[in-house]
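This briefing concerns the salt bridges of one protein chain and the confidence with which the chain was modelled. Please consult the sequence and structure shown here alongside the text.

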Amino acid sequence: MTRTLAVLIAAFVAAFFVPSAQAQLMCFDANGVKNFHAEYGEEEVARGTLGSVGEMLLLANPNTGTWTMMIVRSD
């Protein structure tokens, strides 16, 4: 529950208070998290459940300040 709340708060902050963020919709295979680590150096910092839809992941790189919010569908 705590992680879900943290992910939702991060989503709210990102949506309304981070003017330099750019939204990009991308689809990829199950290795997506590994690919983000390899390409951007981003590690998983939070994970929350979205019920039957799947999970929401928050990835971040503390050195560059980049972050990615990812929805992993369960189907």
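The points below cover the basis of the model, its confidence and its salt bridges.

The model is predicted: local features need pLDDT of at least 70 and side-chain atom pairs count only at pLDDT 80 or more, whereas totals for chains, interfaces and linings use all residues. Residues are numbered from 1 along each chain as its sequence is written, and side-chain values use heavy atoms, leaving out hydrogens and water.

**Confidence**
- The chain has an average pLDDT (the predictor's confidence in each residue, from 0 to 100) of 75, and 65% of the residues score at least 70.
- Among the elements of the chain (DSSP runs numbered from the N terminus: helices, H or I, at least four residues; strands, E, at least two), strand β1 (residues 43-49) has the highest mean pLDDT, 89, and helix α1 (residues 2-17) the lowest, 66.
- Where pLDDT is low, the predicted coordinates should not be read in detail.

**Salt bridges**
- Two salt bridges (a side-chain nitrogen of Lys or Arg within 4 Å of a carboxyl oxygen of Asp or Glu) are found in a search of the whole structure.
- Arg47 pairs with Glu44 at 2.8 Å, N to O, and with Glu55 at 2.5 Å, N to O.
- Salt bridges thus link Glu44, Arg47 and Glu55 in a network.

**Exposure of the paired residues**
- Arg47 is partly exposed (between buried, under 20% relative accessible area, and exposed, over 50%; 1.4 Å probe, protein chains only), with a relative accessible area of 31%.
- Glu44 is partly exposed at 33%, and Glu55 is partly exposed at 29%.
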